[in-house]
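Here are my notes on this model, written to be read alongside the coordinates. Have a look at the ligand site and then at how the domains meet.

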Amino acid sequence: MTAAQGDHSQVGSGLQAAPLLEARHIRVQFGGNVAVHDISLSVRPGEIVGLIGPNGAGKTTLFNALSGFVRPAGGQVLFEGKDITRLSPQARARLGMARTFQVERPFEDLSVLENVMVASFLHHRGHKAEDLAYSVLERVGLADRATQPAAELNLARRRRLELAKALALEPRLLFLDEVIAGLNPPAQAEMILLIQQLADSGLAIIMVEHIMQVIMTLSNHVVCMAFGELLAEGDPVSVANHPDVIRAYLGEDDD
Ligand SMILES: Nc1ncnc2c1ncn2[C@@H]1O[C@H](COP(=O)(O)OP(=O)(O)OP(=O)(O)O)[C@@H](O)[C@H]1O
C-alpha cells in the first residue's frame, strides 16, 4: 500500500467549525450478525472523511445508517447537533443531506436534465427547478448532454449524473459511495478534481472508496473499519501506515 497524499490539513474553510454531522457509537445488527459495532465519526463543512476497510467491513452499512437507509440498533446520529437517528432519508434530504448509490439507477428513458430535475423538484418548482438542474449539470460537466437520454451515457457520465442528482438536492453534506472505482484513469482524475472542488466550496463529504490512493489523496480524515469495528482513524498518512490497517489489507486477495 502506498500513500501519495498531499497535506489537506488546512483544506476548506470550515474545518475548525462545529461538526455538521456527528455519529456516536453506531451499532447495526442484521439478526445475530453485528455489521457495525460502536463506530463514531464526525464531519465538518469543507471536510472530506474517507471510509475504508476490507470487503465486508461494514462501510456500506454504516453509510446506510448515517444516511437513513438502515435503522441502527444503537447509537445516535446528530445533524447540526439535532438528533436525526430516526429520520427517514427524505427528511434528512430536506435538512441538507444527499447521497449517491454504488449502482447508478437513472431513469433510462428520461433525459439527463429530467433525471436531475426529479431531484431539484424537492426544493423548487417550474423554471427554478430546471435552472437549478442545469446549473448542477454545468458543475459536473454534463451540460452538453442535458437533452440526451440517460440510457446513452457511458459509465463515467452515469457516475457524474448520479452525483448531479445528489447535488440537485442542494446538500450541505454529501455521501459518496464508490463514485471512482471502475473508472479509467482520466475519468478518475476528473472525478477527484470535482470532489475536491465540492469540498472547497464548503460541502462536507463522507466517502466510501476502495481505491486507497484516492482516499489518501482526497481525505482530511480517514476512518478504517474491519469486521464492523474501528481499526484505525486519523490523518491519511498515519492510517495508511498503521500496522493493523496494513495487515487488514495485506490479508485481502481481491483488491
Ligand atoms: N441487508 C443485510 N442483511 C444481512 N446482512 C447484511 C446486510 N447488509 C450487509 N450485511 C452484512 O453486514 C456485513 C457488512 O457488510 P457491508 O456491505 O456493510 O460491508 P462493506 O464494508 O461495505 O463491504 P464491501 O466493501 O464489500 O462493499 C457483511 O457481513 C454483510 O454480509
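The points below take the ligand first and the domains after that.

1. Ground rules. This is a predicted model, so to speak of local features we need pLDDT of at least 70, while side-chain atom pairs count only at pLDDT 80 or more, and totals for chains, interfaces and linings use all residues. Numbering runs from 1 along each chain as its sequence is written, and side-chain values use heavy atoms, with hydrogens and water left out.

2. Who surrounds the ligand? The shell consists of Phe 30, Asn 33, Ala 35, Pro 54, Asn 55, Gly 56, Ala 57, Gly 58, Lys 59, Thr 60, Thr 61 and His 210 (a heavy atom within 4 Å of the ligand). By class that gives 4 nonpolar, 7 polar and 1 charged residues; Ala, Val, Leu, Ile, Met, Phe, Trp, Tyr, Cys and Pro count as nonpolar, Asp, Glu, Lys and Arg as charged, and the others, Gly among them, as polar.

3. Polar contacts (N or O pairs within 3.5 Å). A side-chain N or O atom of Thr 61 sits 2.5 Å from a ligand oxygen. Gly 56 uses a backbone N or O atom, 2.9 Å from an oxygen of the ligand, and His 210 places a polar side-chain atom 2.9 Å from a ligand oxygen. On its own the ligand has 630 Å² of accessible area, of which the protein covers 59% (Shrake-Rupley, 1.4 Å probe).

4. Which elements give two or more residues to that shell? They are β2 (33–43) and α1 (59–67), with α1 giving the largest share, 3 residues (DSSP runs, helices H or I of at least four residues, strands E of at least two, numbered from the N terminus).

5. Domains. An automatic or database assignment splits the chain into domain 1 (1–96 + 172–255) and domain 2 (105–170). Their centres, over C-alpha atoms, are 25 Å apart.

6. Interface. In contact (heavy atoms within 4.5 Å) are 18 residues of domain 1 and 13 of domain 2. The two domains bury about 1,200 Å² between them, 69% of it on carbon and sulfur atoms (accessible area lost on being put together, 1.4 Å probe, summed over both parts). On the domain 1 side, Met 191, Leu 194 and Leu 198 lose the most area to domain 2, together 32% of what that side buries.

Methods: Polar contact = N/O pair within 3.5 Å; in protein donor to acceptor, adjacent residues only side chain to side chain.
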